[in-house]
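Dear colleague,

I am handing over the structure below, and after it you will find a short account of what was found in it. Please keep the view open while you read, so that you can follow each part.

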Amino acid sequence: NSYEGLHLICADAEHLPFRDETFDMVLSVEVLTHIPPDVRSRVFSDVHRVMSEGALAFFTLHNSFRLKVGHWLRLRKAKNAYPTNNLTVWPLTPKVARKNLNAASFECDHVIHYLNYHSRFSHSFYVAHPYWSRAVIVIEDVLCRLPFLRRLAITFLVRGRKVPPISEMSIA
């Protein structure tokens, strides 16, 4: 389908249907942590393949620290995978995310941006309790400004740049 120059393509993330070095930027929002870890590394490599040299990639990923703390507070054991109604989440720490991206020849920023601090409540909850929902959002917005508490964000952003694979780099 095409809408005013926009082309929608549904494809397998592990085998992107694009030529090498097609894109100058990639944006992935909360997608790759729904892909099992053993497949995710191949996806990172294929994303790297379709990016032009020097291109930027922005990946938002689910934060394992937030999910672990949530389970600990409910006196439950933390998990490596969290099934939901629709998708399973395999969260990461920022350190592991950077390590995985570096292995796929991305050069990652050292700054991690924590995002999406708000509790996940359904649209129906928000409609039924708009004032409570807004109060929670305001409280969390204030708390996420504190250095330690910002690590409790549901997601974080890692920015990477495509660099040539190590095997292609010339030794000076």
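In this predicted model, strand β3, which covers residues 23–29, runs parallel to strand β4, which covers residues 51–62, and six bridges join the two. If you would like one pair to look for, start at Met25, whose bridge partner in β4 is Leu56. Between these strands in the chain comes helix α1, made of residues 37–50, and β3, α1 and β4 together form a β-α-β unit that is right-handed.

Strand β4 also pairs with strand β9, residues 155–162, but here the sense is antiparallel and there are seven bridges. Within this pairing you can find Phe59 standing opposite Val158 of β9.

The other thing to look at is the largest pocket, which has a volume of about 460 Å³. Its lining is made up of 19 residues, and those closest to the pocket centre are Leu16, Val26, Leu27, Ser28 and Val47. Two elements, β3 and α1, each give two or more residues to this lining, and the largest share, six residues, comes from β3. Which kinds of residue, nonpolar, polar or charged, make up the lining of the largest pocket? The lining divides into 18 nonpolar residues and one polar residue, with no charged residue in it.

When you return to the model, it may help to begin with β3, as this strand is both joined to β4 by six bridges and the source of the largest share of the pocket lining.

Best wishes

Definitions and conventions. Residues numbered from 1 in each chain as written. Predicted model: local features only at pLDDT ≥ 70, side-chain atom pairs only at ≥ 80, totals over all residues. Heavy atoms only, no water. Pairing = 2+ DSSP bridges. Helix = DSSP H or I, 4+ residues; strand = E, 2+ residues; numbered from the N terminus. Right-handed = clockwise from strand over helix to strand, strands pointing away. 1 Å grid on protein atoms, 1.4 Å probe; cavity = no way out; pocket = protein on both sides within 12 Å on 5 of 7 lines; lining within 4 Å. Points joined across faces, edges and corners; volume = space filled by probe spheres on them. Nonpolar A, V, L, I, M, F, W, Y, C, P; charged D, E, K, R; others polar.
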